[in-house]
Amino acid sequence: MDIIEASGTPNEILKGGAYGSARDMALLFAYTLKNYPEILEATRYNNLEFKSDAEKYEAGNTNIFVNKIPNIIASKTGYTDLAGGNLVIAFDAGINRPIIISILGSTQDDRFEDALKLASATISYINNR
């Protein structure tokens, strides 16, 4: 069975419309952080508060481990049934030593623990060299 996407292109229901590897996501994240860091700045906070003249709004980060990643610079979550749980994070593993970790195809819940384990292992490796 085909569905029609917004572009007008037919696509199978179980086939994604776009593909990217973990490397692709890390490169895109690195480019964004280098050239447009303000786009991702808010993603390093657990909660943000926005105010207008009449209202106050709160926004929560979908990265539930954002406060557990040491020296986090930015994060981006994603999830679809087809792709699974995805997470890209950037953190400073030392003095001006940014590291990007890209998790693709995990579960909706495990992607956070996966990233935390990789960040911890990276920091341990760097400190023991």
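The legends below describe close-up views of a predicted model of one protein chain.

**General notes.** Because the model is predicted, local features are reported only where pLDDT is at least 70 and side-chain atom pairs only at pLDDT 80 or more, whereas totals for chains, interfaces and linings use all residues. Residues are numbered from 1 along each chain as its sequence is written, and side-chain values use heavy atoms, with hydrogens and water left out.

**View 1. The protein chain as a whole holds three helices and seven strands.** Helices (H or I, at least four residues) and strands (E, at least two) are DSSP runs, numbered from the N terminus. Read from the N terminus, the order of the elements is β-β-α-α-β-β-β-β-β-α. Of the 129 residues, 29% count as buried, where buried means under 20% relative accessible area, exposed means over 50%, and partly exposed lies in between (1.4 Å probe, protein chains only). The chain exposes about 9000 Å², of which carbon and sulfur atoms supply 53%; accessible areas come from the Shrake-Rupley method with a 1.4 Å probe, and for residues only the protein chains shown count as cover. Among contacts (heavy atoms within 4.5 Å) between residues at least 6 apart in sequence, 36% join residues at least 24 apart.

**View 2. Helix H3, residues 110–127, is shown with the strands that help to cover its buried residues.** H3 has 18 residues and reaches 26 Å from its first C-alpha to its last, close to the 26 Å expected at 1.5 Å a residue; the expected span is 1.5 Å times one less than the number of residues. Its buried residues are Arg111, Phe112, Ala115, Leu116, Ala119, Ile123 and Ile126. They cover an arc of only 135 degrees around the axis, which puts them on the same side of H3, the arc being that of the directions from the helix axis to the C-beta atoms. An α-helix has 3.6 residues a turn, so residues three or four places apart point the same way. Lys117 and Tyr125 are exposed on the other side of H3. The cover over the buried residues includes strand S5 (72–80), strand S6 (84–92) and strand S7 (98–106).

**View 3. Ala119 is seen in its place within helix H3.** With a relative accessibility of 1%, Ala119 counts as buried. Leaving aside residues up to four places away in sequence, Ala119 touches Ile69, Phe91 and Ile101. Ala119 and Phe91 are 28 residues apart in sequence, and their C-alpha atoms are 8.2 Å apart in space.

**View 4. Helix H1, residues 22–35, is shown with the elements that help to cover its buried residues.** H1 has 14 residues and reaches 20 Å from its first C-alpha to its last, close to the 20 Å expected at 1.5 Å a residue. Phe29, Thr32 and Leu33 are its buried residues. Seen down the axis of H1, these residues fall within an arc of 95 degrees, so they line one face of the helix. The face turned away from this buried side carries the exposed residues Arg23 and Lys34. Helix H2 (37–40) is included in what covers the buried residues of H1, as are S5, S6 and S7.

**View 5. Phe65 and Phe112 form a tilted aromatic pair.** Rings of Phe, Tyr and Trp (its six-membered ring) pair if their centres lie within 6.5 Å, and planes under 30 degrees apart count as stacked, over 60 as edge-to-face and the rest as tilted; by this rule the count comes to two aromatic pairs. The ring centres of Phe65 and Phe112 are 6.1 Å apart and their planes stand at 40 degrees, so the pair is tilted. Phe65 lies in the loop between strand S4 (56–60) and S5 and Phe112 in helix H3, so the pair ties together parts that are 47 residues apart in sequence. Both rings belong to buried residues, Phe65 having a relative accessible area of 12% and Phe112 a relative accessibility of 3%. Lys68 lies over the face of Phe65, at 4.3 Å from the ring centre, under the rule that NZ of Lys or CZ of Arg must be within 6 Å of the ring centre and within 35 degrees of the ring normal.

**View 6. Asn71 and Asn96 are shown in their loops.** Asn71, in the loop between S4 and S5, has a positive phi of about 55 degrees although it is not a glycine, and Asn71 is exposed, with a relative accessible area of 53%. Asn96, in the loop between S6 and S7, has a positive phi near 50 degrees, again in a residue other than glycine, and counts as exposed at 68% relative accessibility.
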